Every structure is written in C-alpha cells, then in structure tokens.
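User: Please take a close look at the charged side chains of this model and how they pair. After that, place the pairs among the other local features.

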Amino acid sequence: MNRYDLDGRRWIVTGGAGGIGMAIARRALADGARVSLWDRSADGLERASANLDADDRVIRRVVDITDEDAVESAMSAEVAAGRVDALINSAGILGEVRPLWETTSVDFRRVIEVNLVGAYLCLRAALGIMRQQALAPLRGHIVSVASIQAKEGMAQAGAYSASKAGLISLTKTAAKEAAQLGIVVTCIAPSAADTPMAAALTPERRGDILERIPVGRFVDLDEIARMTAFLASGDCSFSTGAVFDLSGGRATY
C-alpha cells in the first residue's frame, strides 16, 4: 500500500463520526497528518476519536455544517490552530427512499441543505482561508464525497442523487476559480459502501444496488480512504476539477 507524505499537514474531515469520514481520518493519521473531525453529533465524535486512538493528533469539533455561523466559527478556530492543508467534505445524509411522488418537500430540502448547501459553506470557508496561505508548493486541497448516483440518478433517491450531482458541479466550478491560486479541488464518486447509512437499506434495495456494480460488491471504506489520501496529498498537484470514480465498473462516463 502506498504511503503519502502527510507529516505535519492538517486536515478537516466533515462527517467525521460517520463510516466514510472515520475511514478517511484513519488513513490520514496513518500517513502522518493531524485531523480535525467535524460532526453534529458530540457522542459520535467521541466514539470516533476513541476508535482512531491517535491521542493528540485528533481534534473534535461539534459543527452543524448547515449553520453558516457555526461553519465560520469552526474554521476560525482551525486557523487559530495553524495552517489548513485539506478539507474533506464527507458529511451527508440519504433521505427518503421512495418514488418522487411519495416524497416530502421537507425531506428533499433537508437532503439538499446537508449534502449540497452544507458542503458549499465548508468549501467556501476553506477557500477563503486557503487563498491567504503560503504556497508550499500548493495552498491546499479540497476533496468532496459525491456519489455514482450523481452521474446516473437512481430510482427512489431523487434528493440524494440531485444533491450529489450539484456537488460535482460545485467542485468543477470551484476548481476553475481556484486553479491559479494553487488550490486543488476534486471529488470522488463512490458506489455504495457498508456504512450505517447503507445498513438502513432494505434487503431488496441493497440487492438492487449490488446488481448494478459489475465487480459484484460494495466499495470498501479503505478503498475510499486511499483514493482520498492521494487527492489530498502533494502527489495530486495538476489534476483539479475532476471526478474520480470508485464504482466497481458501474460508471458509464
């Protein structure tokens, strides 16, 4: 397994108490980084920190990423602690699993608010900080966790698919705006992984998703973490605005 040189680097991982966020944080720590976990669940953050077992290299921050003031306050606290080398936009929710005509506007708005607006608030705050940092040789990396459903759409996942599609477009826009500032902005588009979110799926829904993946299995959390480690490392210095698939062959473009 490749090891990326993250010694002395500081990462922010939103959704840090979730399965994907925690896997990404674990990989960053293994590669030498210091990690700040953001999540709205204080209990979840405490459990995540205990599982990571990285003593003084993990900071926990209770942050509701849909709250603009909370995001700005948390980012200010990060800057006070030192340079921010990477933001990993991992926080997200699934929402209702049902046909659009059976969904509620309340749930649709909530999914968009967390998965897209929340990601935007964190990305905007990170860009505002990173653009003032010294080139070393880059000013920072931002990686957002989208989904293969953002490319294809999926029945009974209207809000989730739409929110992640918006996140891909937001990534491309931010990358173009920040390219000459020395800030690399990318996103990943994984297929389903075995997370607490996936555990809520019915056996029928799980089977439907699995049949769409030619490799025949869900993506492993460590596979997501390894891809993210590269994208937020100095080795990723020229590829920006791109979507990196982890779909097991499901992606068609």
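Analyst: R212 and D208 meet through their side chains in a salt bridge, at 3.4 Å from N to O. The model is a predicted one, and the values here are computed from it. R212 counts as partly exposed because its relative accessibility is 36%. D208 also falls between the limits of 20% and 50%, and its relative accessibility of 27% makes it partly exposed.

Salt bridges that share partners join R10, R61 and E78 into one network. Within this network, R61 forms a salt bridge with E78, and the closest N and O atoms are 2.6 Å apart. This pair links distant parts of the chain: R61 belongs to strand 3 and E78 to helix 3, with the two 17 residues apart. R61 is buried because its relative accessibility is 18%, a value under the 20% limit for that class. E78 is buried as well, because its relative accessibility is 1%.

A further salt bridge joins the side chains of R83 and D85, with 2.7 Å from N to O. The side chains of D85 and R83 also make a polar contact, listed at 2.7 Å. D85 sits in the loop between helix 3 and strand 4, the latter spanning 86-89. The two partners fall in separate accessibility classes: D85 has a relative accessible area of 10% and is therefore buried, while R83 has 27% and is therefore partly exposed. In total, the count comes to 11 salt bridges; those described here are among them.

Some acidic residues belong to a surface patch. D64, D67, D69 and E113 form a negative surface patch. Residues in such a patch have over 30% relative accessible area and no salt bridge. One of the four, D64, lies in the loop that runs between strand 3 (58-62) and helix 3 (68-81). D64 is partly exposed because its relative accessibility is 33%. Strand 3 and helix 3, which flank the loop of D64, are also the elements that hold R61 and E78 respectively.

There is a nonpolar patch to set beside the negative one. L100, W101 and F108 make a nonpolar surface patch of about 390 Å². L100 is located in the loop between strand 4 and helix 4, and helix 4 covers 105-130. L100 has a relative accessibility of 55% and so counts as exposed, the limit for that class being over 50%.

Two backbone features remain. The peptide bond from A136 to P137 is cis, with omega near 0 degrees. P137 is placed in the loop between helix 4 and strand 5, which covers 140-145. Helix 4 therefore borders two of the loops discussed, since L100 is in the loop between strand 4 and helix 4 and P137 is in the loop between helix 4 and strand 5.

The other backbone feature is at Q156, which has a positive phi of about 70 degrees although Q156 is not a glycine. Q156 occurs in the loop between helix 5 (149-152) and helix 6 (158-178). Q156 is partly exposed because its relative accessibility is 35%.

Key: Residues numbered from 1 in each chain as written. Predicted model: local features only at pLDDT ≥ 70, side-chain atom pairs only at ≥ 80, totals over all residues. Heavy atoms only, no water. Patch = residues over 30% accessible without salt bridge, like charges linked within 9 Å, V, L, I, M, F, W, Y side chains within 5 Å. Areas by Shrake-Rupley, 256 points an atom, 1.4 Å probe, with all protein chains shown as cover. Salt bridge = Lys/Arg side-chain N within 4 Å of Asp/Glu carboxyl O. Lys, Arg positive; Asp, Glu negative; His and termini not counted. Charge placed at Lys NZ, Arg CZ, Asp CG, Glu CD. Buried < 20%, exposed > 50% of the residue type's maximum accessible area, 1.4 Å probe, protein only. Polar contact = N/O pair within 3.5 Å; in protein donor to acceptor, adjacent residues only side chain to side chain.
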